[in-house]
Amino acid sequence: MLPFIRHLNDNQYNAVTGPVGDVIINAAAGTGKTSTLAARILYLQIEKNIEPEEMLALSFSRSARQGLISKMEAYRKEAGAGSPIETLTFHGLAFRIVRVAASLGETWLKPGFKIIENNKKIFEDNAAAFFKGIEYKKNQDSLYSKVIDSVRQGHEHYGQALYSPDQIVEDEQLKVESEQGVRVSLASLDVKRVWKRYATYLKRKNQIDYPGLISEAINVIKNSGQLTLNRIRTGIRHLFIDEFQDTSMAQEELAFLLAGNQMYMTVVGDNEQTIYAFNGSNESNIIHFHQNVARRKGSIAYSIDLIENYRSSANILGVANRIVEKGNSAYKKWLRTAENVSEEVALYQYHNHPVTLVRMPRLHNAATYIAEEILRLHEEEEILYSDITVLVRKDTEFSPQGSEVKRLLEEKNIPVGVTRSGGDNQKIVFDKAEEICQSYYDEPLASIIDSIEKGDIDPDLDSAIERGIIDVFKEAVDSGAVFAYDALDFLIDSTSGEGSEREDDGVRIRTVHSAKGLEFKVVFVLFLGDKSFPHGAVPDVDGERRLLYVAITRAQDRLYMIGRNGIHGPDFFGECMGSETRLVDYFKAPDAAISSEGCNEQLKSEVDLLKEKFDREEAARRDRLMALFEDDDF
């Protein structure tokens, strides 16, 4: 038996060794989805004699891609067999399709086209041309760019992605959420006109943005790109997709079009962790995978669920399961603690601390409580600051949850881990690497790396930049790139807005969205309550509940849920309560925090006062926003 298979539980083993064909692995949080996918890829190579050149892996993000590559490399070393396979993000794949199509004349783009990272400034600078004859308010240009991006990825109004402005039906209203959390209506005719003008601008500049890259790749395959499609498909028989629940409707369409009847698909994901609805993702891609395979390919997909959690204590999983139970998901899975876990996780399971629910009236109180509790954990229990993370639903000008916590922590001299990007040098490295790839287009990467090291490419290259370029090319090789043109696809992944990051030591403060895929020993989640979590005036309750599930399942040992009971909408705080939790009421000053016993009357009185104050504040906020926007959902 292969050494990496010995570590698997029964369901993981069945997923890895399942039949050669279309497979869906519905893996709940912390159940080892990436490890299982990596094991299946190596198993098919070693035991079923499938060549690595016949395999292509896709991921939603750079970090997910790198996680899969690292896991495959660890298993290869453990087994002493197997080979890396080409691994791209969806944007890397789309770039390859459009790049080949441009060289073959099967797209409107010309060879050497450029990618726009953010179209917001283009809309600002060209507002007069884009909005000619359209009545719109100041600062609404960003709403149009946002809704056009949404329509191309998969807008809720259509239930599918659109690839051309001509597909928009006139005389309708398209909803889009503003930065203030207000859902604003835009006339579909106006959106159609602005999209056409934006498309004309891009064609004139020979440029395309990231949502457009996916759309154009689909257009190429559907309408004009048989030469391109044949070249891209050549030799590939197995398509593997990680984090499938995060794919947009457009990306899902691209995957099925690429696979056709020629490739088996193995997808891994969790419908309960579909949290990127604003990018067009939808849990239906997991739930309806069987039907889509049957309809598109005429075959039956093999399926397996992973529910044994290797991350968290039983009490944390109990709260997560309760949130799943309260939701309206068409496919529910119940987490349970795994056996044969690491010593660290075994200790978490042994301690099994109750989940702490901290009820309080407002964000400032929450920040105070968090700061004091972090000090206690550090001083009395010797928990490292870097093992503690605060997860917030929102951190913007209009909902400054993370900023308020950061301010209070710094006031008490608690170090805060600051996330830093790669900086200017990183951009120079990627730009120079792309220039080298264009100049040595069909040269093997191995020989290019050798030439750079000898100083034959550019003898005047700064040593730090040179080392960065070599590292980028070696990472591209690890991802399956062989020639310089392969590395171009990898470089698009590396510059698609998800920059390399590092964090200084200290307490981490993150949004829940940015924490997906990560795990932390101690987690504080805030701020549960009306308009906050669930977020918005008219929230997507199921989507917000899935986001809460993701927040809960980041915690390994201790979990603190902070907020107040819902009054005007779903009561997420109340939904968390159960035998696995303990309640702390924090309605007074920190030194006068009261327990939940014997305080019902006092609590009710304070809740009534808070409700009145909350209503007044919301009315004032509504008046301010109504001055800026019309046709909202208040």
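The exercises below, each with a worked solution, concern cysteines and aromatic ring pairs in a predicted model.

**Exercise 1.** Determine how many disulfides the structure holds, and decide whether Cys 437 is buried or exposed.

*Solution.* Searching for cysteine sulfur atoms within 2.5 Å of each other leads to a count of zero disulfides. For the second part, the cut-off for a buried residue is under 20% relative accessible area; Cys 437 has 0% relative accessibility and therefore counts as buried. Cys 576, also at 0% relative accessibility, counts as buried too.

**Exercise 2.** Classify the ring pair of Phe 256 and Phe 289 by its geometry, and state where in the chain the two residues lie.

*Solution.* The structure contains 14 aromatic pairs. In the pair of Phe 256 and Phe 289, the ring centres are 6.0 Å apart and the planes stand at 40 degrees, so the pair is tilted. Phe 256 belongs to helix 12 (residues 249-259) and Phe 289 to helix 14 (residues 289-297), and the pair thus links distant parts of the chain, 33 residues apart. Both of these phenylalanines, Phe 256 and Phe 289, are buried.

**Exercise 3.** Work out which kind of aromatic pair Tyr 369 and Tyr 586 form, and which parts of the chain this pair ties together.

*Solution.* With 5.3 Å from centre to centre and 75 degrees between the planes, Tyr 369 and Tyr 586 form an edge-to-face pair. Because Tyr 369 lies in helix 17 (residues 363-380), while Tyr 586 lies in the loop between strand 20 (581-585) and strand 21 (594-595), the pair ties together parts that are 217 residues apart in sequence. Tyr 369 and Tyr 586 are both buried.

Definitions and conventions. Residues numbered from 1 in each chain as written. Predicted model: local features only at pLDDT ≥ 70, side-chain atom pairs only at ≥ 80, totals over all residues. Heavy atoms only, no water. Buried < 20%, exposed > 50% of the residue type's maximum accessible area, 1.4 Å probe, protein only. Phe/Tyr/Trp six-rings, centres within 6.5 Å; stacked < 30°, edge-to-face > 60°. Helix = DSSP H or I, 4+ residues; strand = E, 2+ residues; numbered from the N terminus.
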